[in-house]
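Please open the structure in your viewer and keep the sequence beside it. This tour goes from one selection to the next and says what is there at each stop.

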Amino acid sequence: MMKQLFSSTLLGMIFLLICTSISGQSSAPAQAPSGSSGPADIIAVLQKANEFTTFIGLLKSSQVDSLINTQLKKPGNGFTLFAPTDSAFSDLKTGTLNSFTDEQKVALTKFHIIPTFLTIAQFQTVSNPVHTSAGDDFPLNVIGNGTQVNMTTGLVNTTVDSTVYSDGQLAVYEIPQVLLSQGILSPQAPAPAPVPPKPKKASPKSQAPSLSTTSPSVDSSGATGLPQYAPTLVSIGVGVIAALSLFLN
């Protein structure tokens with residue numbers, strides 16, 4: 001009797017331990033298979049922080065997010081992003097972002113990206129102006145002291161508030177202001193098309209020679225002078241008259 005009771009109790013305890021072990025395994029988070037983790041997705045990183053909705057919209061509309069994610073899959077220098085918070089965009093003058101053209105929005109987005117991975121400590125040694133993905137026409141000066149990073153665009157002075165993400169290839173830093181530059185607000189107008197040369201003006205015609213050099217001289221009454229053979233005709237006339245007079249006599 002005692003043996004049967006002891007056996008039943010032992011079997012019950014073993015069954016309870018097995019059930020508890022199975023239950024504990026099912027509640028543990030699933031582990032990703034070794035080697036399956038890939039490069040970070042910039043949108044997923046920002047969405048997890050839950051305060052960069054406007055900046056995410058700019059990255060998507062400009063398709064810069066795809067460019068970053070594609071490059072992160074390749075060996076390279078990585079990227080550093082300065083991500084303005086939603087509050088930073090709210091602090092802009094009303095209508096500023098909506099007034100931008102698509103080209104301005106792309107330039108604004110790329111101006112917040114440095115095409116190399118930088119830690120907070122490495123900002124102490126960067127050369128200014130820092131080269132951003134927007135190009136050299138948009139200067140950004142950054143000064144770090146090892147623990148703090150200050151930056152200026154000529155229009156905006158701000159600092160890095162915190163590190164959102166860093167994995168050796170991608171660094172995302174939160175900033176409380178949107179980085180605006182004069183080149184973004186007033187983009188250079190395209191060079192005008194060359195103007196065709198104007199036809200040369202015709203040179204004024206030379207004045208006609210004065211009448212005094214080509215016309216016969218005119219007396220005060222307006223009659224023209226006699227031709228050079230007039231004396232001969234007069235002589236002949238006088239001779240004819242004289243001959244007629246003799247004939248009539």
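## A walk through the model

Begin by selecting F82, which is buried, with a relative accessible area of 0%. Keep in mind during the tour that this is a predicted model.

Next, add Y173 to the selection, a residue that also counts as buried, at 2% relative accessibility. The structure holds four aromatic pairs, and F82 and Y173 form a tilted one, with 6.4 Å from centre to centre and 35° between the planes. This pair links distant parts of the chain, since F82 belongs to strand β1 (residues 79-84) and Y173 to strand β7, 91 residues apart. If you now add F123, you will have a cluster in which ring pairs link F82, F123 and Y173.

From Y173, turn to the strands, and select β2, β1, β7 and β6, which in that order form an open sheet of four strands with mixed pairing. Which strands stand at the edges of the sheet? They are β2 (113-114) and β6 (162-166), each of which has a single partner strand, so that one side of each is left without a neighbour in the sheet. Strands of a sheet pair through backbone hydrogen bonds, in either a parallel or an antiparallel sense. Looking at β6 together with strand β7 (residues 170-175), you will find that the two pair in the antiparallel sense over four bridges, and that T163 stands opposite Y173 in β7.

Move on to a second aromatic pair by selecting F111 and F138, whose rings are tilted, at 6.3 Å centre to centre and with 55° between the planes. F111 lies in helix α6, whereas F138 lies in the loop between β2 and β3 (141-144), so the pair ties together parts that are 27 residues apart in sequence. F111 is buried, with a relative accessible area of 0%, and F138, at 13% relative accessibility, counts as buried as well.

Finally, stay with helix α6 (residues 102-111) and select helix α3 (residues 53-61) beside it: their axes come within 9 Å and cross at roughly 115°. The crossing in which α3 passes α6 is left-handed. To see where the two helices touch, display the side chains of F55, L58 and L59 in α3, which meet K105, L108 and T109 in α6. By class, this contact of α3 with α6 has four nonpolar residues, one polar residue and one charged residue.

Terms used:
Residues numbered from 1 in each chain as written. Predicted model: local features only at pLDDT ≥ 70, side-chain atom pairs only at ≥ 80, totals over all residues. Heavy atoms only, no water. Axes fitted to C-alpha atoms, helices over the stretch in contact; angles between N-to-C directions. Left-handed = near helix turned anticlockwise from the far one by under 90°. Contact = heavy atoms within 4.5 Å. Nonpolar A, V, L, I, M, F, W, Y, C, P; charged D, E, K, R; others polar. Pairing = 2+ DSSP bridges. Phe/Tyr/Trp six-rings, centres within 6.5 Å; stacked < 30°, edge-to-face > 60°. Buried < 20%, exposed > 50% of the residue type's maximum accessible area, 1.4 Å probe, protein only.
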